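Visitor: Please take one part of this model and go through it closely. I would like to know what surrounds that part and how it fits into the rest.

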Amino acid sequence: MAKKKGSRGGKDKGRRGPQRRSGLARQRGVHKAGRARLGDLSRYDEDAPALEDLAASEHNSDSGENVLRRFNRVARTQASAEGAPGTIAGCEGLFYIVRNADGEELSCQIRRVLKKMLTGVKSPLAVGDRVRYCHSPEGDAVITALELRANQIARADSHNKALEHVMAANVDRLVIVAAVLQPELKPGLIDRYLLIAHYNDVEPVVVLNKCDLAAADQTATRYRALGYAVHCTQAVPDHPSVKALRAELAGRTCIFTGQSGVGKSSLINALYPSLDLRVGAVSEALQKGRHTTTTARSHPVPGGGALIDTPGIRECGISGMAPLDVALLYPDIAAHHHACRFTNCLHLHEPDCAVKAAVETGAIDVERYLSYCSIVEEDLADGR
């Protein structure tokens, strides 16, 4: 096969650090130093001994356990827990914003024993998590129990590759927003989010924004040919493209993700003007977006459902998957996988590889193949 050409995505690639164990040790130290006093919660701690035993067993369990599975195992221990139901709407320092059944939002701390059990992630809870909370004798609101997660959207933490950053939980759509121009379109970043959506059984929607600046036909055709819903938008209220996207998302819980500066906040304001999110600009010198959203936040939207806005990013690291998972979750690569000489072919250097042959003939887009190679060879190199 001819030598591969082209970029593998630059800063849209995540790299796993070599010091995985030391990263976890540092994070445990942060958790230990940052524990807040929760007051007298004795009336809510009848199950504390059992939970402490489970927490201790976590340190002896397989460190490769799926984060979603671990979360749900903890949640099942509290299936009969009392308290008012609520949903995590955001996070402010050591406090979580919980939205209750009446739509009221209140600031809550999380029980220390729950925080201790949910290790290996940047934050124990994510926007969209369903929880139960009670009030302590001092009047503080405290999260005392977790509900099961149906799914989650997670990537490798950009500051500590040993941790997973769960951006949201219990979502119906992952909306991947990219700009056709200003900043430069990065198909590799779109591919990474599509992979995350497939791995977590969440339906993706590709949005190519700022179509008033340039045409998006080639990119739109590429992803539509793979069966994805693609919207080419201009962030103008009542524009036909905005109306079509609004109709697709109606009544669902959707998380909006994308590179900094792609116009995500402007697009959300066009979809739902009542939200009035803060909008930033793209740096002309660096052609990079400035962060206007600093933390994930859930907003109820007219007509039902919710929209989860997330900070713009410059890279999206992949973790928690095996290289073969990636091969089988790229639909265009999976379509040729069965014809390879080896059933566990990773389509890199193996002989008689049907995927590499398909790249040569143009049956598989070369940029898609390069983004696949970037993930397997760099993000998941230690899993090969």
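**Helix H12 and its surroundings**

Guide: The buried residues of H12 are covered by elements that include H5, H6, H9, helix H10 (331–337) and H11. The model is a predicted one, and its protein chain holds 12 helices and 13 strands.

H12 itself has 14 residues. From its first C-alpha to its last it reaches 19 Å, close to the 20 Å expected at 1.5 Å a residue. Of the 14 residues of H12, 10 are buried, so the helix is largely enclosed by the rest of the structure. The buried ones are Arg368, Tyr369, Leu370, Ser371, Tyr372, Cys373, Ser374, Ile375, Val376 and Asp379. Buried here means under 20% relative accessible area. For the protein chain, buried residues make up 51% of the 384 residues.

One residue of the helix leads on to the interior: Tyr372 is among the residues with the most contacts inside the largest nonpolar core, together with Ile190, Tyr193, Leu208 and Val326. That core has 53 residues. H12 (366–379) is one of the elements that each supply at least two residues of the core; the others are strands S7 (164–169), S8 (173–179) and S9 (203–209), and helices H5 (187–199), H6 (217–225), H9 (323–329) and H11 (354–361). The largest share, 7 residues, comes from H5, a helix that is also among those covering the buried residues of H12.

Tyr193 shows which parts of the chain meet in this core. Leaving aside neighbours within four places in sequence, Tyr193 is in contact with Met167, Leu174, Ile176, Thr257, Gly258, Ile313 and Cys316. Apart from the largest core lies another, of 20 residues, including Val175, Val205, Leu249 and Leu307.

Contacts between residues far apart in sequence can also be put as a figure for the chain. Among contacts between residues at least 6 apart in sequence, 67% join residues at least 24 apart. The accessible surface of the protein chain comes to about 17,800 Å², and carbon and sulfur atoms account for 50% of it.

Elsewhere in the chain, 5 strands close into a barrel in the order S1-S2-S3-S5-S4, with mixed pairing. Neighbouring strands of this sheet are turned by 55° against each other on average, direction ignored. Within the barrel order, S4 (residues 130–135) and S5 (residues 141–146) run antiparallel and are joined by 5 bridges; His135 stands opposite Ala141 in S5.

Methods
Residues are numbered from 1 along each chain as its sequence is written. This is a predicted model: local features need pLDDT of at least 70, side-chain atom pairs count only at pLDDT 80 or more; totals for chains, interfaces and linings use all residues. Side-chain values use heavy atoms; hydrogens and water are left out. A nonpolar core is a set of buried Ala, Val, Leu, Ile, Met, Phe, Trp, Tyr and Cys residues joined through side-chain atoms within 4.5 Å. Buried means under 20% relative accessible area, exposed over 50%, partly exposed in between (1.4 Å probe, protein chains only). Helices (H or I, at least four residues) and strands (E, at least two) are DSSP runs, numbered from the N terminus. Contact means heavy atoms within 4.5 Å. Accessible areas come from the Shrake-Rupley method with a 1.4 Å probe; for residues, only the protein chains shown count as cover. Two strands pair if DSSP finds at least two bridges between them. Axes are lines fitted to C-alpha atoms, for helices over the stretch in contact, and angles run from 0 to 180 degrees between N-to-C directions. The expected span of a helix is 1.5 Å times one less than its number of residues.
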